[in-house]
Amino acid sequence: MKINEGKSSVQTSRAQNDLIFALDIGTRSIIGLVGIVKEEKLHVLAIEKEEHARRAMIDGQIEDIEQVAKVARRVKERLENKLECSLTNVCVAAAGRALKTQKAFCEMEFDKPQRVDEETIGRLEAGAIEKAEEAFSQEMDQEGRQFFLVGYTVTQYLLDNYPISDLLDHQGQRVCADVIATFLPSEVVESLYTTMSKVGLEVASLTLEPIAAINAAIPENIRLLNLALVDIGAGTSDIAISRDGSIVGYTMATVAGDEITEALMKSYLVDFQTAEQIKIDIQTQEEIAFTDILGLPHTVPNQEVRTCIDSAFKTLCKEIADKIISVNGSAPSAVFLAGGGSKLADMQDCVAKYLEMDLNRVAIAGNNFSVNAVSDEYDLNNPEYATPLGIAVSAGLNMINDSCHVMLNGKRSKLFRSGSLTVLDILMMNGYRSQDLLAKSGRNTVIQLDGKRKIYHGSPGVPSKLQVNGQDVKVSCIVHAGDQIHFTPAVDGENAKVTLADIVESGYESKTSVNGKMVPLDTVLKTGDIVITGMEVENTPAKQPEAPAPTAQPEPAKEAPAPPKQEVRKPETAASATPKQKETSPAAKQVQPAQVQQFTLNGEPLLLVKKEDKSPYYLMDLVEYSGIDLKNPNGLIQLRVNGQESYFQQELKSGDKIDIYLQQNKTEDNQDESMGK
């Protein structure tokens, strides 16, 4: 496509918003690229590049917003002048430097061997993500920063303690998953949005730099292979891994081209720009000429310069190899090197050496750019174009979900990666946490009232509401382009609050004591309090205890603490389950059968009074009767309704058989042993 013909196409497409404008905001420079999608390929119309006048970027992260905005504005204006159009929307990518990772391990064990279906795998992976979040939350709390979960990689599955690549449809009793979750600080995203706003641009698409690069360098039709893409920039080396048709992991090395440049500056006493030129000349010149900062000219043999940078060069290559193995678990089938740093001499040989791979399996990216992008004006076979081309191709060919415009609560959601996404993925990428999905009932207050155990229940929590396109769904529901997600976070119930006045009948105020002391009627009771009202003394003198002082009461000592199953058999909220209790329990005399719902919890009968607002009981409502401490669960909570695996928000019906129990966590030593580490 000639540029004149391109102008005509631009003018025609401008009203249709078909132009794709991508900005690669790098540590050393900003590259702007404009293209238009035709026949399922991006036709590149114009490319502009400008270096930062000073260090406004550190390792790919925006430090000086004003300075970066000035450079981006100049790149934008040159593109507009060249194409005679106005650019208002831009596609960008977040730097890989800011990515943080957290490993986690989760396991599930069944009563007997069963087939592992997709829902089971989803619950297993969700449990691992939750553990990663919990482990990572300490750092978030300490730094006071908000992080988005942008993706995770399952590094290993176990089926009955044996490693396996895919659990689906296998039979087993115990399944495990080891994951690496990746988090992105919110300020990285916000700084991009702020900078683009100062340039007068609206962010139309957002992805991660390693994902953008892999979308340009590794077409989808070869992603069934286990491949690694390394985008070696000035400040960072971003890494993405593909396997089984998807991008399954990404990370970054904190060393890149600048380490080589700085080594040259120190050795030859030259400024940054001179060192950059020396680095370029290594590839083509047998003897390299330059002038140092004192004005003295030098001519140095190529091999001497290589020896000078050898240590920094090997450190860079080893760090890249180590990062690839840490995410992928082993050396991949092949590696593609992209970015300006990939042009360094002997880079392929050195990376292949540290990965213990055949040299022919490490290649410079660029040969595959033509699969998705073409141009009559520019030679695109340049590894430096991997990220800007990837950003444009990703948005133009709908390779990233952000260009699909998934809406969350009426606003366009932030999405950072490609591949199949669930509702849970969307929620976590946009600042929600797993705690927002589960409502907890308020804490109960348990006291001893006239020698009998009495429970005052906290209010039930309000469960989260989750819909996609108006239909109730589970968090494992797959999201598609154009979907409308509506999510209302769960609200915890209020703790029980009962005062002495709430339980004392008129005329007995002066006879009532709490823990052996007379207290005001507005005293708020707390769990463990022993209340003597005098009512029991007058109504049943034969059962009057000899010493009403708390320390002399035999009844409380006999009943506390109550085991979890006893709590299930004897809830104070409903009629008793045994004939003897039905004769003596006041609750049994007061509650009518029509007011009661009957369940079976962990093999024991559980009768609950219907809620005053006539709303149903949810599975989460029954957790408090299982004896599990939700604040400090020592393991993964397992949920079953009528023998089927279930979820906290499931609505219950009278007669349901419910199992709620903990799958105990293993120690770290046991985890390492089971993982073969």
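**Briefing: an enclosed helix, aromatic pairs and a nonpolar patch**

Helix H11, spanning residues 386-396, is largely enclosed by the rest of the structure, because 10 of its 11 residues are buried. The model is predicted. Beyond this helix, a search of the whole structure finds 2 aromatic pairs, and a nonpolar surface patch of about 400 Å² is also present.

**Helix H11**

- The buried residues of H11 include the run Ala386, Thr387, Pro388, Leu389 and Gly390.
- Ile391, Ala392, Val393, Ser394 and Ala395 of H11 are likewise buried.

**Aromatic pairs**

- The whole-structure search for aromatic pairs returns 2.
- One of them joins Tyr268 and Phe290 in an edge-to-face arrangement, with 5.2 Å from centre to centre and 65° between the planes.
- This pair links distant parts of the chain: Tyr268 belongs to helix H6 (residues 257-268) and Phe290 to strand E15 (residues 287-291), 22 residues apart.
- Tyr268 has a relative accessible area of 12% and is therefore buried, the cut-off being under 20%.
- Phe290 counts as buried because its relative accessibility is 6%.
- Phe599 and Tyr617 form another edge-to-face pair, at 6.2 Å centre to centre and with 80° between the planes.
- Here too the pair links distant parts of the chain, 18 residues apart: Phe599 lies in strand E29 (residues 596-601), whereas Tyr617 lies in the loop between strand E30 (604-609) and strand E31 (635-641).
- Both Phe599 and Tyr617 are buried.

**Lysine charges over tyrosine rings**

- Lys353 places its charged end over the ring of Tyr354, at 5.7 Å from the ring centre.
- The ring of Tyr456 has the charged end of Lys454 over it, 5.7 Å from its centre.

**Val68 in helix H2**

- Val68 is part of helix H2, which covers residues 65-83.
- With a relative accessible area of 0%, Val68 is buried.
- Between Val68 and Gly26 the C-alpha to C-alpha distance is 9.8 Å, although 42 residues separate them in sequence.

**Nonpolar surface patch**

- Leu269, Ile293, Leu294 and Leu296 make up a nonpolar surface patch of about 400 Å².
- Leu296, one of these residues, is located in the loop between E15 and strand E16 (297-301).
- Leu296 counts as partly exposed because its relative accessibility is 45%, which falls between the buried limit of 20% and the exposed limit of 50%.

Notes. Residues are numbered from 1 along each chain as its sequence is written. This is a predicted model: local features need pLDDT of at least 70, side-chain atom pairs count only at pLDDT 80 or more; totals for chains, interfaces and linings use all residues. Side-chain values use heavy atoms; hydrogens and water are left out. Rings of Phe, Tyr and Trp (its six-membered ring) pair if their centres lie within 6.5 Å; planes under 30 degrees apart count as stacked, over 60 as edge-to-face and the rest as tilted. Helices (H or I, at least four residues) and strands (E, at least two) are DSSP runs, numbered from the N terminus. Buried means under 20% relative accessible area, exposed over 50%, partly exposed in between (1.4 Å probe, protein chains only). A charge sits over a ring if NZ of Lys or CZ of Arg is within 6 Å of the ring centre and within 35 degrees of the ring normal. Patches are made of residues with over 30% relative accessible area and no salt bridge: like charges are joined within 9 Å, nonpolar side chains (Val, Leu, Ile, Met, Phe, Trp, Tyr) within 5 Å. Accessible areas come from the Shrake-Rupley method with a 1.4 Å probe; for residues, only the protein chains shown count as cover. A salt bridge is a side-chain nitrogen of Lys or Arg within 4 Å of a carboxyl oxygen of Asp or Glu.
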